[in-house]
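Me: Can you walk me through this one? I'm new to it, so keep it relaxed.

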Amino acid sequence: MLLKSEQQRLYALMPQESRCFVRVCDHETALWVSDLPRRMADCSSTGKLLKEEGFLARLDDQSRLWYIDWTAERWQAVLSGMPKELPALPVVEAYHEAYALCRLYLLHPSEWNEEHLPTLRKTLKLSESRPDMILRGVRALREESAVRLREGKSIAHAAGMILAAWLNELENGKETKP
């Protein structure tokens with residue numbers, strides 16, 4: 001559970017007296033969301049500390065929430081530990097669509113691109129949810145990728161590595177039901 005452990009690390013960096021929350025963000029504009037700016041007038045020193053630790057905090061002026069993501073360097077470090085090769089075809093047929101999407105991503109190598117971040121965030125969040133949730137999200141990701149390919153744009157190759165890691169976990173028996 002990479003997101004949970006990173007969320008705990010992130011929360012530990014927040015000033016304890018603020019009693020703020022840090023949650024997984026519901027949409028793909030960030031990995032986490034925090035209400036620290038609502039609880040502290042000056043968050044600049046915390047923002048600098050977060051950046052040193054591999055997190056980027058972006059303030060939404062209207063909601064007074066921080067939308068937090070990894071820095072590009074931290075993303076690269078996380079992705080470097082993920083499989084770069086296609087996993088074995090899952091035995092359970094329900095996972096074949098996820099396998100096909102993984103294969104699509106991995107067969108379309110691309111350079112690191114900021115515009116791929118929403119897909120990477122969405123894939124990472126889905127991969128850490130229940131298996132049935134990722135299976136529901138696969139169709140939208142596949143359609144999004146097909147549109148990008150038709151438009152001559154690159155797709156999020158690294159999302160294939162995230163899916164490969166998830167499929168490898170399934171194969172190793174950590175997840176057993178779709």
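Here is a short chat about one helix and one sheet.

Me: What should I know before looking?
Reply: This is a predicted model, where local features need pLDDT of at least 70, side-chain atom pairs count only at pLDDT 80 or more, and totals for chains, interfaces and linings use all residues. Residues are numbered from 1 along each chain as its sequence is written, and side-chain values use heavy atoms, leaving out hydrogens and water.

Me: Where do the buried residues of α5 fall, seen down its axis?
Reply: Helices here are DSSP runs (H or I, at least four residues), and strands are too (E, at least two), numbered from the N terminus. In α5, residues 96-106, the buried ones (under 20% relative accessible area, 1.4 Å probe, protein chains only) are Ala-98, Tyr-99, Leu-101, Cys-102, Tyr-105 and Leu-106. By directions from the helix axis to the C-beta atoms, they fall within an arc of 160°, so they line one face of the helix.

Me: Which helices do those buried residues of α5 pack against?
Reply: Contact means heavy atoms within 4.5 Å. Towards α7, for instance, the α5 residues in contact include Ala-98, Leu-101 and Tyr-105. The full set for the buried residues is α6 (117-127), α7 (131-150) and α8 (157-171).

Me: Which strands stand at the edges of the sheet?
Reply: Four strands form an open, antiparallel sheet in the order β1-β2-β4-β3, with pairing needing at least two DSSP bridges. Two of them have a single partner strand each, so one side of each is left without a neighbour in the sheet: β1 (22-24) and β3 (55-60).

Me: Which residue in β4 stands opposite Val-33?
Reply: β2 (residues 32-34) and β4 (residues 65-70) pair in the antiparallel sense over three bridges. Opposite Val-33 stands Tyr-67.

Note on methods
Buried < 20%, exposed > 50% of the residue type's maximum accessible area, 1.4 Å probe, protein only.
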